[in-house]
Amino acid sequence: MDADKFDTLLAPGADLSGHADVMLHHLNGAMDAGHSGRGMLEHLVEALPHQTIATFNSDELVDFRSHRPWLSFSDWKFTEVEMPEIRLDLLSDDNDRNFLVLHGPEPDAQWNLFLDTIQEIVRRLGVRQTVGVTGMPAGVPHTRPTPVHMHGARSESLPKQPKMVGEMLLPAGIDQLIEFTLGQAGLDAVGIIAAVPYYLAEGDYPPAAAALMSAVAAKTGLALPVGDIEAASTLTLGQINQMVEQSEEAEHIVEILEQHFDEAEPMAIIETPEEPLPTAEELGARLEEFLKRTDRLNRGAKLSNLDEELPPVGDASGISSLRDTPYEKRNIEQFRPRRGRHRRDTPED
């Protein structure tokens with residue numbers, strides 16, 4: 001790649017002199033049910049030693065009216081600003097093995113140049129394996145292990161999964177194009193999708209992030225802090241159970257989804273024993289939002305039509321599950337809009 005073009009998208013100060021053979025990536029903008037991919041990468045950056053080695057030029061890539069900066073306002077003045085920013089961080093896992101995390105907003109422009117830049121970065125840093133992570137809404141219950149699927153450029157590197165029949169035409173996100181481009185270049189480029197219960201797809205769903213992290217650890221051999229996120233996942237499942245128990249309609253929906261899931265006998269990539277789901281003492285604001293969504297059934301939706309909206313049992317036979325635990329120890333009582341993590345402090349007056 002031409003050096004001038006390469007430097008176009010990188011902000012000054014990039015340091016690509018290190019080495020890492022694995023890169024994880026998720027760029028916000030396309031599908032990510034339950035904020036699964038984003039939540040997983042955020043947790044890794046917060047929990048593990050990391051260093052930002054490259055920042056992309058937001059003025060070249062980001063539409064600020066689509067990804068508006070967030071301003072903190074207190075004492076009648078703006079105190080700090082969070083600008084949308086695509087970052088490449090170098091992290092060390094629990095065994096001091098280096099790996100990369102590419103995260104931030106999905107670019108709004110110059111996708112071809114961005115893909116060329118990513119390809120040059122992984123070449124310089126010696127990356128041989130890349131993993132994209134995301135969540136997908138699906139007709140699965142929260143009372144069962146989170147299903148995951150894996151796709152990638154090398155069929156021999158994928159776990160045993162049911163054979164796909166036919167071909168699908170999908171609108172591409174930048175993560176899928178990264179996988180395609182790097183796979184064409186000869187890398188072991190894969191994507192992992194966690195199936196999120198459709199009735200919980202809009203808010204944070206910790207079990208899906210946990211399933212993604214477990215799958216990434218199994219695929220790459222990285223020693224990731226899965227245990228650090230078990231508390232929030234367990235608490236969330238307990239809160240969901242309490243909400244479901246308060247609504248007969250919601251209970252009926254979950255029972256039907258459980259029946260479909262159990263009849264499918266999903267193929268497991270990693271077998272883990274089922275654990276009892278605990279009950280939490282307090283309910284989070286996000287789960288109140290879930291109850292509001294289920295209440296719409298009382299306003300006209302007919303349960304007799306529910307089966308028509310679910311995939312046939314045969315179509316669900318390809319579900320492959322990991323586990324239904326872990327996520328980050330975030331204060332999930334506070335539900336706020338998802339926003340950028342990268343802050344730039346403004347000087348005091």
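**Close-up 1. Phe 56 meets Phe 114.** There are 4 aromatic pairs to look for in this structure, which is a predicted model. Here we zoom in on Phe 56 and Phe 114, a tilted pair with 5.1 Å from centre to centre and 50° between the ring planes. The two partners come from distant parts of the chain, 58 residues apart. Phe 56 sits in the loop between β2 (50-55) and α3 (58-61), while Phe 114 belongs to helix α4 (residues 111-125). Phe 56 has a relative accessible area of 2%, so it counts as buried. Phe 114 is buried too, at 0% relative accessibility.

**Close-up 2. Tyr 198 and Tyr 199, edge to face.** For this tyrosine pair, the ring centres are 5.6 Å apart and the planes make an angle of 85°, so the geometry is edge-to-face. As for accessibility, Tyr 198 is partly exposed at 29%, whereas Tyr 199 is buried, with a relative accessible area of 8%.

**Close-up 3. A cluster of three rings.** Now for Phe 73, Trp 76 and Phe 78: ring pairs tie these residues together into a cluster. Have a look at the strands here as well: β3 covers residues 70-74 and β4 covers residues 77-82.

**Close-up 4. The β3 and β4 hairpin.** Strands β3 and β4 run antiparallel to each other and pair over 5 bridges. Across the hairpin, Leu 71 stands opposite Val 81 in β4. Between the strands there are 2 residues, and in this hairpin Asp 75 adopts a positive phi near 50°.

Conventions: Residues are numbered from 1 along each chain as its sequence is written. This is a predicted model: local features need pLDDT of at least 70, side-chain atom pairs count only at pLDDT 80 or more; totals for chains, interfaces and linings use all residues. Side-chain values use heavy atoms; hydrogens and water are left out. Rings of Phe, Tyr and Trp (its six-membered ring) pair if their centres lie within 6.5 Å; planes under 30 degrees apart count as stacked, over 60 as edge-to-face and the rest as tilted. Helices (H or I, at least four residues) and strands (E, at least two) are DSSP runs, numbered from the N terminus. Buried means under 20% relative accessible area, exposed over 50%, partly exposed in between (1.4 Å probe, protein chains only). Two strands pair if DSSP finds at least two bridges between them.
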